[in-house]
Amino acid sequence: MFTDIGLIGCGNMGGTIAKLIARNAPEARFHLANRGPEKAAELAGALPNASVTGNAGVAANAKLLLLGVKPQVMPAVLREIAPVLAERKDRFVLVTMAAGLTCQTIAELAGGTYPVIRIMPNTPVAVGAGVIQYCALGATAEECETFRKLLDGSGTADAIDEKLIDAASALSGCGPAFCCLFLEALADGAVACGLPRQTALLYAAQTLEGTAKLARLSGKHPGAMKDAVCSPGGTTIAGVRTLEEKGLRAAAMDAVIAAYEKTLQLK
């Protein structure tokens, strides 16, 4: 259905989604635009059938138009392409990944009642272990399902009510940064104990990855998994006690809440 894919904004996340779609739809044609054309040209070289054009060129040709620009830039971009979209007689779908901007806001900024799919991907999508929440306004069930199939291999692609998508993004969208802080801190602790830096990072990363996979596949509550590692009077419970004393859980909760509250300010 979506033979022509457009992307305005060829940054890290936009490029990641384009590459994912290319793997699932190798016959698709890509129309790319970016404020700096060098980045668009670089992405075009990584896609099987892509051309670099301007924002208007993407808006005129794309059946699925990915908007990979930041929330504060989105109004200007949509005002620019609105006249081009208004001239089209065929059906197309806008896809936004801008935090805080609803499907309705995107449609209004674009100057019409166009179908919109809103996605909130995170960075682990690049290695097939990410999360992409999505919701839609005006898109048909078939269009949504076709789009979801284009996300195969991303990790978890989950349909969600739009009223929950900001909270979900504060967790999975911002979460990789929070996880990286913890990852680095774990490695730093091991380095302080004498472990070489690269070895410490490898062990910490594998420990986080393995624990997350075990939690997901086993369905066990994290508290039960923690208890299984904490022997009476042992080393692990001593470390857990220190984390509790330093307020790890409260800090993690506050980080997600702070990200959510900041997202609400973007509306």
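1. Angles between helix axes under 35 degrees count as roughly parallel, those over 145 as roughly antiparallel, those from 65 to 115 as roughly perpendicular, and the rest as oblique. This note concerns a predicted model, and that wording is applied here to one pair of its helices.

2. The axes of helix α8 (residues 175-192) and helix α9 (residues 197-218) come within 8 Å and cross at roughly 135 degrees. The two helices, α8 and α9, are therefore oblique to each other, and the crossing in which α8 passes α9 is right-handed.

3. As for the residues that make this contact, α8 contributes Cys179, Phe182, Leu183, Leu186, Ala187, Asp188, Ala190 and Val191, which meet Arg197, Ala200, Leu201, Ala204, Ala205 and Leu208 of α9.

4. A second region worth following is strand β5 (residues 93-96), which is covered on both faces. Val93 and Val95 lie on one side and Leu94 and Thr96 on the other, and all of them are buried.

5. Strand β4 (residues 64-67) pairs with β5 in the parallel sense over four bridges, and Leu67 stands opposite Thr96 of β5. Together with helix α4 (residues 74-87), β4 and β5 make a right-handed β-α-β unit.

6. Strand β5 also pairs with strand β6 (residues 116-121), in the parallel sense and over three bridges; here Val95 has Ile117 of β6 as its bridge partner. With helix α5 (residues 103-109), β5 and β6 make a right-handed β-α-β unit.

Note on methods
Residues are numbered from 1 along each chain as its sequence is written. This is a predicted model: local features need pLDDT of at least 70, side-chain atom pairs count only at pLDDT 80 or more; totals for chains, interfaces and linings use all residues. Side-chain values use heavy atoms; hydrogens and water are left out. Buried means under 20% relative accessible area, exposed over 50%, partly exposed in between (1.4 Å probe, protein chains only). Two strands pair if DSSP finds at least two bridges between them. A crossover is right-handed if, with the strands pointing away from the viewer, the path from the first strand over the helix to the second runs clockwise. Axes are lines fitted to C-alpha atoms, for helices over the stretch in contact, and angles run from 0 to 180 degrees between N-to-C directions. A crossing is left-handed if the near helix is turned anticlockwise from the far one by less than a right angle, and right-handed if clockwise. Contact means heavy atoms within 4.5 Å.
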